[in-house]
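Work through these exercises with the sequence and the model side by side. Try each task before reading its solution.

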Amino acid sequence: MIDPATIELPRFLAAWFGPPAADEKPLPESCDWLPSALREWHELVSKWDVDLSFVTRMTPPDNIKVSDGKAIFMSDCGGEWYWSFDPAMPDRVFNAEFDEPWESNSESMAEFLKHRTVMEVLFGADTRMRASLVPDELVQGILGSAEEVDFGAWQWPVPGYRIFMRGDVLAQIIRCEDGPGWDVDIAAPKAEALSGLREMANVKWLG
C-alpha cells in the first residue's frame, strides 16, 4: 500500500495542473487560530488557478466559525455531509451527516486534506473514464500495477471505496450496490495514459 505521508501535494498538483500560476497567498492573521495543516493547504492551493470543488466545498477560511464546540471547514456539494474540527484538538477531523451527531475521522487533518485533494482531482479530471459492474478479474487488468493508497475509511460518499495510484494515474473502485462487480473510475492528467484501457474487451466505458 502507498503511505499517504509519501504523497507530496505540491508535486501532485503540478503533475495535474502544471506549474503554479501565482505566488502563495498567505491567509490573514484572523485565520491564525485555524489548524496549521488547514492553513497550509489553503495557501498551497492558492498557487494554482483551479477550483477543487467538484464533489466537496471548502468553507472560506475567514468564514469558519465555532458552533457548539465544532468549526465546519468542509461540506459535500449536496449539503448533506459536513466536516469539522474542535479548536481544542485541531489535528482531529469530525464528520457528520446532516442533523446527525459528530463522529471522529480516523485521519489526521493533514492526511484528511490529502485524501480530499486526491478525490477532488479524480472526480474533476478532464480525462476520466467510468465503468460499472466490472468483474474482479477485469478490475485487476484495469488497475495493473497501481497500488492502493492507505487512506482512512470515509463513510461518504459510500463506505468501502478504495483509491489506487500508478504514477499520476488515479483510480477508485466501489462494490456495486445493484449487481455483482465494481464501479470503477479512472483518471489521468493526459489522455494517452488511459488510451490502452479503452480497448479492453468486456469493459463498457461511460466516459
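**Exercise 1. In which strand is the place of S84? Then decide whether S84 is buried or exposed, and list its contacts.**

Solution. The model is predicted.
- Step 1: Locate the residue. S84 sits in strand β4, which covers residues 81-86.
- Step 2: Check accessibility. The relative accessible area of S84 is 0%. Buried means under 20%, so S84 is buried.
- Step 3: Collect contacts, setting aside neighbours within four places in sequence. S84 then touches K70, A71, I72, F73, R92, V93, F94 and W102.
- Step 4: Take one C-alpha to C-alpha distance. S84 and N95 lie 6.4 Å apart in space, with their positions 11 residues apart in sequence.

**Exercise 2. Place S75 and T127, and say for each whether it is buried or exposed.**

Solution.
- Step 1: Start with S75. It belongs to strand β3, residues 70-76.
- Step 2: Apply the cut-off. S75 has 17% relative accessibility, so it counts as buried.
- Step 3: List its partners. Not counting residues up to four places away in sequence, S75 touches T56, R57, W81, Y82 and W83.
- Step 4: Move to T127. This residue lies in the loop between α3 and β7.
- Step 5: Apply the cut-off again. T127 has a relative accessible area of 16%, so T127 is buried.
- Step 6: Name what T127 meets beyond four places in sequence. The contacts of T127 are I186, A187, A188, P189, K190, A191 and L194.

**Exercise 3. Describe the cavity: what is its volume, and which residues line it?**

Solution.
- Step 1: Count. There is 1 cavity of 30 Å³ or more in the structure.
- Step 2: Size it. The largest cavity holds about 30 Å³ of space.
- Step 3: Read off the lining. I142, L143, A146, F164, M165, R166, V169, L170, A171 and I186 line the largest cavity.
- Step 4: Map the lining to elements. At least two residues each come from α4 (136-143), β9 (162-166) and β10 (169-175).
- Step 5: Sort by character. The lining of the largest cavity has 9 nonpolar residues, no polar ones and 1 charged.

**Exercise 4. Now take the largest pocket. Which residues lie nearest its centre, and which element gives the largest share of its lining?**

Solution.
- Step 1: Get the volume. The largest pocket comes to about 270 Å³.
- Step 2: Find the central residues. The lining has 14 residues, and R130, P157, V158, Q172 and I174 lie nearest the centre of the pocket.
- Step 3: Assign elements. Two or more lining residues come from each of α3 (109-124), β7 (128-134), β10 and β11 (182-187).
- Step 4: Pick the main contributor. β10 gives the largest share, 3 residues.
- Step 5: Sort by character. The pocket lining splits into 7 nonpolar, 1 polar and 6 charged residues.

**Exercise 5. Step back to the whole protein. How many helices and strands does it have, and how does its radius of gyration compare with the globule rule?**

Solution.
- Step 1: Count elements. The protein has 4 helices and 11 strands.
- Step 2: Compare radii. The radius of gyration is 18 Å, close to the 17 Å of the globule rule for 207 residues, so the protein is as compact as a globular protein of that length.
- Step 3: Box the fold. Along the principal axes, the C-alpha atoms fill roughly 55 × 40 × 30 Å.
- Step 4: Check burial. Of the 207 residues, 46% count as buried.
- Step 5: Look at the surface. The protein exposes about 10700 Å², and carbon and sulfur atoms supply 48% of that area.

Definitions and conventions: Residues numbered from 1 in each chain as written. Predicted model: local features only at pLDDT ≥ 70, side-chain atom pairs only at ≥ 80, totals over all residues. Heavy atoms only, no water. 1 Å grid on protein atoms, 1.4 Å probe; cavity = no way out; pocket = protein on both sides within 12 Å on 5 of 7 lines; lining within 4 Å. Points joined across faces, edges and corners; volume = space filled by probe spheres on them. Nonpolar A, V, L, I, M, F, W, Y, C, P; charged D, E, K, R; others polar. Buried < 20%, exposed > 50% of the residue type's maximum accessible area, 1.4 Å probe, protein only. Contact = heavy atoms within 4.5 Å. Rg over C-alpha atoms; globule rule 2.2 N^0.38 Å. Areas by Shrake-Rupley, 256 points an atom, 1.4 Å probe, with all protein chains shown as cover.
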